[in-house]
Amino acid sequence: MSNVHHISERNNKAVEDARLDCASEWLAKLDRGLTKPEKDALQLWLAQSYKNVEVLLEVAHLWDKMGELSRLSDLFPQSQSRQKRLPVWLGATAASVLLAVALSFFQEAFNFSFFYPVNQSAVVAKQLNFQTGVGESKDIILPDKSEITLNTNSFVQIRYTRDSRVINLLRGEIHINVAHDKTRRLMLKWVKNK
């Protein structure tokens, strides 16, 4: 244990304690109401240091005395700002635009066709992705009983719509044994590596 005491720390603590006591006294005076000389003295004390303002506001917050805070607002008047009132037609136009945007987002989910007709054949009912690593091959039986063999380092994406089967080869090689389905046509696509 050290016998060295820092005087500046003791002085700072004493100053902070005095500031807290003074702020508490001012808050009590604010509660009963300030006279004109007290109001001037409070403004002078607040102007001496920004820490005086901080401590007074902290004490007011701790005491949860909103009445005192409203009296403090008399000491710090805020500039009057005038708000411009927007025309009613502008709000109505904005609401109409928002409604149109919302309807366009929900169009497919609720089968709205206000803006454009929906191509029902393009709606994906199911999508499957398959991939093999280097040196690996994989045999896959699809839900429509078609069989696919993926060669090494291959990636394929399969989409079923209402009236088609789309097999999109993104990488590698595949062998397809197609199960015949008269309700769905088969479309093959591949992406050339760049």
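This section describes the overall composition of the protein and then selected local features of its strands and surface.

The structure is a predicted model. The protein contains five helices and seven strands, and the order of these elements from the N terminus is α-α-α-α-α-β-β-β-β-β-β-β. Of the 194 residues in the protein, 22% are buried. Among contacts with a separation of 6 or more, 37% are between residues 24 or more positions apart. The accessible surface of the protein amounts to about 15100 Å², and 56% of this area is supplied by carbon and sulfur atoms.

Strand β3, which spans residues 147-150, is paired with two other strands. With strand β2 (residues 138-141), β3 runs antiparallel and is joined by four bridges. In this pairing, K138 is placed opposite L150 of β3. The hairpin of β2 and β3 has five residues between the strands, and within this hairpin K145 adopts a positive phi near 75°. Strand β6 (residues 174-177) is likewise antiparallel to β3 and is connected to β3 by four bridges. Here L150 stands opposite I174 of β6. L150 is thus placed opposite K138 in one pairing and opposite I174 in the other.

The side chains of β3 alternate along the strand. I148 and L150 point to one face and are buried, whereas E147 and T149 point to the other face and are not buried. In a regular strand, side chains alternate between the two faces of the sheet.

A further buried position occurs in strand β4, which covers residues 155-161 and includes Q157. Q157 counts as buried because its relative accessibility is 16%, under the 20% limit for that class. When neighbours within four places in sequence are set aside, the contacts of Q157 are with Q127, L128, N129, V166, I167 and N168.

On the surface, L86, W89 and L90 form a nonpolar patch. Together, these three residues present about 360 Å² of accessible area. One of them, L90, belongs to helix α5, which comprises residues 88-110. The relative accessible area of L90 is 36%, and L90 is therefore classed as partly exposed, a category lying between the 20% limit for buried residues and the 50% limit for exposed residues.

Terms used
Residues are numbered from 1 along each chain as its sequence is written. This is a predicted model: local features need pLDDT of at least 70, side-chain atom pairs count only at pLDDT 80 or more; totals for chains, interfaces and linings use all residues. Side-chain values use heavy atoms; hydrogens and water are left out. Buried means under 20% relative accessible area, exposed over 50%, partly exposed in between (1.4 Å probe, protein chains only). Two strands pair if DSSP finds at least two bridges between them. Contact means heavy atoms within 4.5 Å. Patches are made of residues with over 30% relative accessible area and no salt bridge: like charges are joined within 9 Å, nonpolar side chains (Val, Leu, Ile, Met, Phe, Trp, Tyr) within 5 Å. Accessible areas come from the Shrake-Rupley method with a 1.4 Å probe; for residues, only the protein chains shown count as cover. A salt bridge is a side-chain nitrogen of Lys or Arg within 4 Å of a carboxyl oxygen of Asp or Glu.
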